[in-house]
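Student: Could you take me through one part of this model closely? I would like to look at chain B, and at the cavity that it helps to line.

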Amino acid sequence: MQSSNVALDQPLIKARDICFSRANKIILDKVDIEILPAQILTLIGPNGAGKTTLVRILLNLVNADSGSIVTKPNLSVGYMPQKLSLDSSMPLNVRRFLALTGANKAEVSEALERVKVPDIGKHVMAQLSGGELQRVMLARAILRKPDLLVLDEPVQGVDIAGQSTLYRLIADLRGELGCAVLMISHDLHLVMAQTDTVVCLNHHVCCQGHPENVSDDPAFLELFGRQTDAGVAIYTHHHDHSHDNGICDHPHESET
Amino acid sequence: MPDFLILAILTGISVALVAGPLGCFIVWRKMAYFGDTLAHSALLGVSFGWLLSINLNLAVTCGCLLLALILVMLQQKRVLATDTLLGILSHSTLALGLVIANLQSSIRIDLSAYLFGDLLAVNVTDLLTISAVSAFVITALCFLWRKLLALTVDEDLAKVEGVNVFQVRTFLMLLMALVIAIAMKVVGVLLITALLIIPAAASRRLSKTPEQMAVLASLVGIVAVAGGLTASYWWDSPAGPSIVLSAAVLFSLSLFFRQKV
């Protein structure tokens with residue numbers, strides 16, 4: 001997978017003490033995060049917890065107010081934003097979009113086949129459904145062979161059955177491409193089987209670790225409630241996360 | 001055919017050629033209002049050119065380029081988030097240009113030539129300058145084509161994939177400023193945006209790829225120039241507005257086609 005001489009566990013991105021505030025509101029407070037090669041890291045947290053902001057900072061799309069980010073030299077990143085800003089006035093079909101990576105016809109067909117949408121090559125990019133767009137973006141990632149694939153809410157606008165298929169596809173691709181995956185998600189249990197590490201974010205890192213440990217963590221329970229029900233459910237998030245009620249009793253970097 | 005008409009046609013064609021692909025980017029990136037703002041402020045360039053008695057073409061070009069840079073800076077700082085702000089800039093620069101132009105009592109500027117174009121009065125020097133600028137911008141667009149497409153699909157995606165978004169975006173704005181400076185001769189500051197976006201919009205339904213749309217937009221522009229000048233010759237209608245009108249007619253005709261992609 002990694003053919004270079006660099007130690008395998010050298011992080012692809014290592015961020016320390018990331019702080020970010022906008023309009024006097026603290027969005028991120030001393031966030032530490034690191035992404036290891038071939039790791040699937042899922043970032044979860046309630047709406048407005050700063051997940052997308054953190055990812056944008058890690059990708060150098062936004063500058064943090066303070067903190068340091070060390071990125072592995074020549075890191076190639078595949079990015080899947082929540083939505084493309086592409087307008088329907090641009091006549092761009094899926095095949096052409098994928099060919100922008102420099103891939104030839106056969107490679108494009110193969111990539112579309114791999115993400116199980118072989119027939120949408122002629123569809124217009126601006127009119128794809130949420131699920132189709134995610135698959136096309138995954139096909140693009142296959143063609144670009146990135147070291148790190150960053151997915152912002154990859155299952156948005158995809159039905160529940162489609163969601164687990166998509167997560168499985170992402171996990172499979174990680175295996176095939178040997179890339180790390182950084183993923184933002186609203187809910188934990190659908191991604192659990194495929195995730196190595198979960199970072200639970202609510203302006204600061206509440207807790208992190210293996211999904212099973214995280215799902216028992218008091219800080220996680222405070223944010224999401226207990227998710228013992230393996231059935232399919234839409235979670236309601238508790239948006240107010242307070243630290244002075246004694247439930248969230250694990251140490252925070254910001255308090256130590 | 002009289003000489004002035006041949007010169008007018010050739011000049012119109014060189015502007016239409018570059019207006020096609022550039023207009024496509026304006027349509028795709030929803031930059032029409034930026035174009036308006038740049039064009040309206042071009043009149044300010046004219047006024048300052050008179051005031052400082054320097055070459056007017058030079059003054060307009062420099063004015064446009066300068067404003068393009070200012071717009072890029074404002075956009076970068078996210079000050080220019082709203083249409084309102086662009087609207088304020090656009091029309092206050094136009095108003096300032098008009099006021100300054102009228103304050104100069106010594107020489108009366110023929111304002112309508114700048115507002116609506118003066119294609120029938122172009123000379124050989126104009127034609128050569130305009131076709132040189134047009135050729136330069138077309139070449140630059142070809143070189144930047146892939147990066148520009150990437151930027152248009154999604155700026156964040158392009159940036160993550162290693163495109164220098166700021167640089168390319170700035171360059172696109174400067175190219176737009178250059179084209180506006182030359183297109184002024186053809187249709188005037190009030191109608192420049194129309195000359196840029198109508199041919200592009202008219203070719204949308206007939207194209208399957210971005211490249212097809214760009215080439216087709218150039219062709220539509222050329223037909224519009226020919227149609228407008230013919231009308232102007234036979235019925236003595238003002239050349240610039242006639243060109244824009246015939247582009248609009250072509251756009252209406254395009255609506256009868258079924259969108260392919």
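Tutor: Happy to! Accessible areas here come from the Shrake-Rupley method with a 1.4 Å probe, and for residues only the protein chains shown count as cover. By that method chain B exposes about 11,800 Å², with carbon and sulfur atoms supplying 70% of it. For chain A the accessible surface comes to about 11,700 Å², and 48% of that belongs to carbon and sulfur atoms.

A word on the model: it is predicted, so local features need pLDDT of at least 70 and side-chain atom pairs count only at pLDDT 80 or more, while totals for chains, interfaces and linings use all residues. Residues are numbered from 1 along each chain as its sequence is written, chains are lettered from A and ligands numbered from 1 in the order in which they are written, and side-chain values use heavy atoms, with hydrogens and water left out.

Now for the fold. Helices (H or I, at least four residues) and strands (E, at least two) are DSSP runs, numbered from the N terminus. Chain B has 11 helices and 0 strands. Its radius of gyration, taken over C-alpha atoms, is 18 Å, close to the 18 Å that the globule rule (2.2 Å times the number of residues to the power 0.38) gives for 261 residues, so chain B is as compact as a globular protein of that length. The C-alpha trace of chain B spans about 55 × 40 × 30 Å along its principal axes.

Of the 261 residues in chain B, 52% are buried, meaning under 20% relative accessible area (1.4 Å probe, protein chains only). A contact means heavy atoms within 4.5 Å; among those in chain B between residues at least 6 apart in sequence, 78% join residues at least 24 apart.

Next, the cavity. On a 1 Å grid over the protein atoms alone, a cavity is a set of points where a 1.4 Å probe fits but cannot get out, and lining residues have an atom within 4 Å of a point. Grid points are joined across faces, edges and corners, and a volume is the space filled by probe spheres set on the points. The whole structure holds 4 cavities of 30 Å³ or more, and the largest has a volume of about 50 Å³. Its lining includes A:Phe97, A:Leu100 and A:Arg140, together with B:Ala150, B:Val153, B:Asp154, B:Leu157, B:Ala158 and B:Glu161. Two elements of chain B, α6 (124-153) and α7 (155-160), give two or more residues to this lining.

Definitions and conventions. On a 1 Å grid over the protein atoms alone, a cavity is a set of points where a 1.4 Å probe fits but cannot get out, and a pocket is an open set with protein on both sides within 12 Å along at least five of seven lines; lining residues have an atom within 4 Å of a point. Buried means under 20% relative accessible area, exposed over 50%, partly exposed in between (1.4 Å probe, protein chains only).
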